[in-house]
Amino acid sequence: MSYLRFEKALMTNLEESLPKELLRTNRSGAYSCSTIVDCNTRKYHGLLVVPIPELDDDNHVLLSSMDVTVIQHGAEFNLGLHKYQGNNFSPKGHKYIREFDCDRVPTTLYRVGGVLLKKEVVFQHYEDRILIRYTLVDAHSVTTLRFRPFLAFRSVRQFTHENSTASRDYSEVENGIKTCMYAGYPDLYMQFSKGNQFVFQPDWYRGIEYPKEQERGYASNEDLYVPGYFEMNIRKGESIVFAASTTESRTGTLKHIFQKEVDERSPRDNFLHCLINAAHQFHLRVKDDERYILAGYPWFKSRARDTFIALPGLTLSIEEEDYFELIMKTAERGLREFMEGKQRTVCLYEIEKPDVMLWAIWAIQQYAKECGRDRCDKMYGKLVADIVQFIVDGKHPNLTYKDNGLIYADGGKDKPITWMNSTANGRPIVPRNGYIVEFNALWYNALKFAAGMAADNGYPDYAERVEKVAAKCKESFLETFLNEYGYLYDYVDGNMIDWSVRPNMIFAVALDYSPLDQQQKKSVLDICTRELLTPKGLRSLSPKSGGYNPMYVGPQTQRDYAYHQGTAWPWLGGFYMEACLKLYKRTRLSFIERQMVGYEDEMFNHCVGTIPELFDGNPPFRGRGAISFAMNVGEILRTLELLEKYTY
């Protein structure tokens, strides 16, 4: 039996099937996303969603959905599904679904009387082209298919409504049409591998509703434009390929292109393969020489901190060192432009955040472990040394190196400067300022790694200087952060000491170089286990601390106040499990394997085959936020690799 397979009983029960989403990407920023029953429930959903840099920095929904109608003996059976106002679903095509499978490509099997129709979907890599193959598996009489496209031509952050500005013009192209609703947008080409009749029948479908937007406290209604429909006959055993694209397709090649894309897909037949597939979905190629990691779908961009945290797991842990190097080539250019005060040409957001460079060194450190110190030094030795010197020399505009060896970050009271970045009324909800615990744990780790690299590669004088800074940092770290209760303060800023039990202290245990001794590490880990650990990662705040708010639900403001006040994050769980293995070795293997089961459950929930952004901090630990999140997928992959190393 297939791994990611859902039977008729689940598919026809909308309470169970509507919350399950499906994502396909082209690795160039475009995506296709909906629910497994093809009913859009978010404004971000769409069959063809593409970036249009000429307009803005957002993605845009061109083709929202495509309704297919099976016609036999004059009777019409519409396989589409839309939610309208008043909790009305129409035309309820989900009742014809026999099964859904997405082991290799998403495949839906419909049964309408004696008709068995199979639909398979792929997104062509590096092209803004979605391909759908319809195969008539069985039929006992003449069968006609009718295709009705629903067009949006809008940003993912907006809605479209019936208006007189939208152009109804279209032009015939090979086996289809091209159309464009508004100036500034590219043409949308809708073509088939087979000749067909297009019937121009323009209309607006009004009051389509997106329940996920309702849940999130946003406006949730829009109207979609349907220019008409395509119609053609199909024989038993015949396949027809539909292409929606921003460029014209050669229709004679569509069947070949579709099969080629299918052959290139690796099956999602187990937990690991699902995560590898999800890892590849974060790949972003802007130009031939620019590669990025998207922080998540459907609304995140390429953020610097997320890139460096996710990178080792998304590449090195699945033996894709070459892709690590491609990403780092682009990222290094961005880091050097920042250090040299040059105008940035790299689209890596938030590179100025004070901990970003420290995470870059951590990512390089993981590369050294996988590929060897010699190779690492040749590739990144100078970058590591330059970053350390840049910070020590006081050149970082958002980070200050102090005489006590620690680093001090200012401005956190007015704007978020750490990964805990939620705001209300423009101010940080978790204002962290001064000596921040994970910044200084990463700093100590970076110093020790840089010194070791220098010593190994014939720079003893430099290594000795950096070791002295590290020794001073270690002593001050213990004096500053370690408290009488055996855990670490979250941040210290003069007389302001944050006693909250937060997961940021876990890095001081998990990193390869720690300022803590074994007993101190165990004490910190024990408190994280007792107060922060869930089946979905570490909570962002202990239930015993003031302000605990673990349920990420409701309108935007309500969710902002919960975002880092008790919600659980799998990527933090990755560092927790690394700390467990370092401290307790093989004795914790079964415990960590059980933790992995909690993540594998998610392969069948939320967005099928991947891990969402965060989870509620209380049972039943529901997935929330972005449907697929790079740091979470990366850290789970890295944990699986660590498990394998300790097992064998």
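Visitor: What makes the crossing of helix 8 and helix 17 left-handed?

Guide: It comes down to which way you'd turn. A crossing gets that name if the near helix is turned anticlockwise from the far one by less than a right angle. In this predicted model, helix 8 and helix 17 cross in the left-handed sense. Their axes cross at roughly 30° and come within 14 Å.

Visitor: Which residues make the contact between helix 8 and helix 17?

Guide: Helix 8 brings Trp362, Gln366 and Glu370, while helix 17 brings Glu635, Arg638, Glu641 and Lys645.

Visitor: How many of the residues in that contact are charged?

Guide: The tally by class is 5 charged, 1 polar and 1 nonpolar. Glu, Lys and Arg are on the charged list, whereas Trp counts as nonpolar.

Visitor: Let's move on to burial. Why is Phe89 called buried?

Guide: Buried means under 20% relative accessible area. Phe89 has 17%, so it counts as buried. You'll find Phe89 in strand 8, residues 88-90.

Visitor: What does Phe89 touch?

Guide: Leaving out residues up to four places away in sequence, Phe89 touches Leu14, Leu18, Cys39, Leu81, His82 and Lys83. The C-alpha atoms of Phe89 and Ile208 are separated by 9.5 Å, with the two residues 119 apart along the chain.

Visitor: And Val241, buried or exposed?

Guide: Val241 has 0% relative accessibility. The cut-off for buried is under 20%, so Val241 is buried. Val241 lies in strand 19.

Visitor: Which residues is Val241 in contact with?

Guide: Setting aside neighbours within four places in sequence, Val241 is in contact with Leu131, Ile132, Arg133, Gln191, Phe192, Ser193, Leu254, Lys255 and Phe258. Lys194 sits 47 residues from Val241 along the chain, and their C-alpha atoms are separated by 7.8 Å.

Visitor: Why is helix 5 said to be largely enclosed?

Guide: Helix 5 spans residues 271-281, and 9 of its 11 residues are buried, so the rest of the structure largely encloses it. Among the buried ones are Phe271, Leu275 and His280. They pack against strand 2, strand 20, strand 22, helix 6, helix 16 and helix 17.

Visitor: Strand 20 came up there. What do strand 20 and strand 21 form?

Guide: A hairpin, with 2 residues between the strands. Strand 20 (residues 283-287) runs antiparallel to strand 21 (residues 290-293).

Visitor: How do you know that strand 20 and strand 21 count as a pair?

Guide: Two strands pair if there are at least two bridges between them. Strand 20 and strand 21 are joined by 4 bridges, so they qualify. Lys287 stands opposite Glu290 in strand 21.

Visitor: And what makes strand 28 and strand 29 a pair?

Guide: They have 2 bridges, so they meet the requirement of at least two. The sense is antiparallel, and Val492 stands opposite Ile497 in strand 29. These strands belong to an open sheet of 3 strands, with the order 27-28-29.

Visitor: Why are strand 27 and strand 29 called edge strands?

Guide: Each of them pairs on one side only.

Visitor: Now the sheet of 9 strands: what is the order?

Guide: The order is 1-9-10-11-12-19-16-15-14, and the pairing is antiparallel in this open sheet. Strand 1 and strand 14 are at the edges with a single partner strand each, so each has one side without a neighbour in the sheet. From one strand to the next, the twist averages 15°. Within this sheet, strand 15 and strand 16 pair over 4 bridges, and Thr179 has Leu188 as its bridge partner.

Visitor: What lies across strand 11, strand 12, strand 16 and strand 19?

Guide: Helix 4 does, running at about 95° to strand 12.

Visitor: What makes a set of residues a nonpolar core?

Guide: The residues must be buried, come from a list that includes Val, Phe and Trp, and be joined through side-chain atoms within 4.5 Å. The largest such core here has 222 residues, and Phe308, Trp443, Ile506 and Tyr576 have the most contacts inside it. Helix 10 gives the most to this core, with 13 residues.

Definitions and conventions. Residues are numbered from 1 along each chain as its sequence is written. This is a predicted model: local features need pLDDT of at least 70, side-chain atom pairs count only at pLDDT 80 or more; totals for chains, interfaces and linings use all residues. Side-chain values use heavy atoms; hydrogens and water are left out. Axes are lines fitted to C-alpha atoms, for helices over the stretch in contact, and angles run from 0 to 180 degrees between N-to-C directions. Contact means heavy atoms within 4.5 Å. Buried means under 20% relative accessible area, exposed over 50%, partly exposed in between (1.4 Å probe, protein chains only).
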